[in-house]
Amino acid sequence: MNAHNLNSISPSARIAEGVAIGRFVIIEDQVEIAAGCVIEDFALIQAGSTIGPNTKVGTYCKVGKKVTIGSNCSFTAYCEIRDGCVLGNKVSMGSRCTLSAGTIVEDEVIMKYAFVVTDTPVLSKNNEKVVGRLKRGSKFGASVVIMPGVTIGANAEIGACSQVRHDVPDNEVWFGTPAKFYRKSA
């Protein structure tokens with residue numbers, strides 16, 4: 001799977017032994033990729049990002065600038081992790097997921113297909129953006145949208161096709177558009 005002659009890898013990138021890199025991959029300056037990682041075809045990893053051990057970055061994924069990704073994570077095709085995001089360990093994203101810049105994702109979070117954390121500029125604060133936080137063990141069905149500044153509690157579950165407009169407490173199940181409380185999680 002190593003086809004370095006088809007890739008653009010910065011000489012300042014630090015890539016551990018045994019990292020599998022697909023074709024047409026771009027790895028920019030000051031990127032660190034730990035042992036056991038798989039970077040699939042057409043992936044882009046931008047400057048200053050760090051990827052922890054045994055993480056898989058899928059085909060056509062984009063990892064923005066200064067992103068930190070923990071160990072044992074998995075991102076399938078077409079995921080976008082924008083600048084400054086911090087992801088914990090054992091995080092997984094289905095295809096076509098997007099995390100807005102600065103999103104915090106704690107350990108063991110599962111996001112199914114077409115999941116989006118949105119942001120919006122606060123005009124009174126020089127366009128500073130407000131983003132969400134996904135706490136440890138939270139789970140999200142397909143096509144979930146998290147609105148700006150919303151925090152999802154630990155071990156919370158959000159049903160497919162939901163739009164979450166308010167903070168969700170720990171250990172609760174919510175769904176709908178807008179998402180509403182359904183029950184305590186098991």
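## Cysteines without bonds

Let's start with Cys97: in this predicted model, Cys97 has a relative accessibility of 0%, so Cys97 counts as buried. Does Cys97 have a partner for a disulfide, or is the closest sulfur too far away? The closest cysteine sulfur belongs to Cys79 and is 4.9 Å away, which is too far for a bond, because a disulfide needs the two sulfur atoms within 2.5 Å.

Searching the whole structure turns up zero disulfides. Cys37 fits that result: Cys37 is in no disulfide, and its nearest cysteine sulfur, in Cys73, is 9.1 Å away. Cys37 is also buried, with a relative accessible area of 1%.

## The nonpolar core

Nonpolar side chains in soluble globular proteins tend to be buried together. Here, the largest nonpolar core has 44 residues. Which residues have the most contacts inside it? They are Ile39, Phe75, Leu99, Met111, Phe115, Phe140 and Ile152.

Take Phe140 and skip its neighbours within four places in sequence. Phe140 still touches a list of residues that includes Val109, Ile110, Leu134, Ile146 and Ile158. Met111, Phe115 and Ile152 are among the contacts of Phe140 too, and those three also appear among the core residues with the most contacts. Lys112 is another contact of Phe140.

## A sheet of eight strands

Now for the strands. Strands of a sheet pair through backbone hydrogen bonds, either parallel or antiparallel. One open sheet here has eight strands with parallel pairing, in the order β2-β5-β8-β11-β14-β17-β22-β25. The edges are β2 (14-15) and β25 (151-152); each has a single partner strand, so one side of each is left without a neighbour in the sheet.

For a look inside the sheet, try β8 (residues 50-51) and β11 (residues 68-69), which run parallel and are joined by two bridges. Ile51 has Ile69 in β11 as its bridge partner.

## Backbone oddities in the loops

Most residues other than glycine have a negative phi, and most peptide bonds are trans. So where should you look for exceptions? Start with Arg96, whose phi is positive, near 65°; Arg96 lies in the loop between β15 (92-93) and β16 (98-99). Ser143 has a positive phi as well, near 60°. The loop that holds Ser143 runs between β23 (139-140) and β24 (145-146), and Ser143 is partly exposed, with a relative accessible area of 34%.

The peptide bond between Thr177 and Pro178 is cis, with omega about 0°. Pro178 is in the loop between β28 (172-176) and β29 (179-184).

Technical notes
Residues are numbered from 1 along each chain as its sequence is written. This is a predicted model: local features need pLDDT of at least 70, side-chain atom pairs count only at pLDDT 80 or more; totals for chains, interfaces and linings use all residues. Side-chain values use heavy atoms; hydrogens and water are left out. A nonpolar core is a set of buried Ala, Val, Leu, Ile, Met, Phe, Trp, Tyr and Cys residues joined through side-chain atoms within 4.5 Å. Buried means under 20% relative accessible area, exposed over 50%, partly exposed in between (1.4 Å probe, protein chains only). Contact means heavy atoms within 4.5 Å. Helices (H or I, at least four residues) and strands (E, at least two) are DSSP runs, numbered from the N terminus. Two strands pair if DSSP finds at least two bridges between them.
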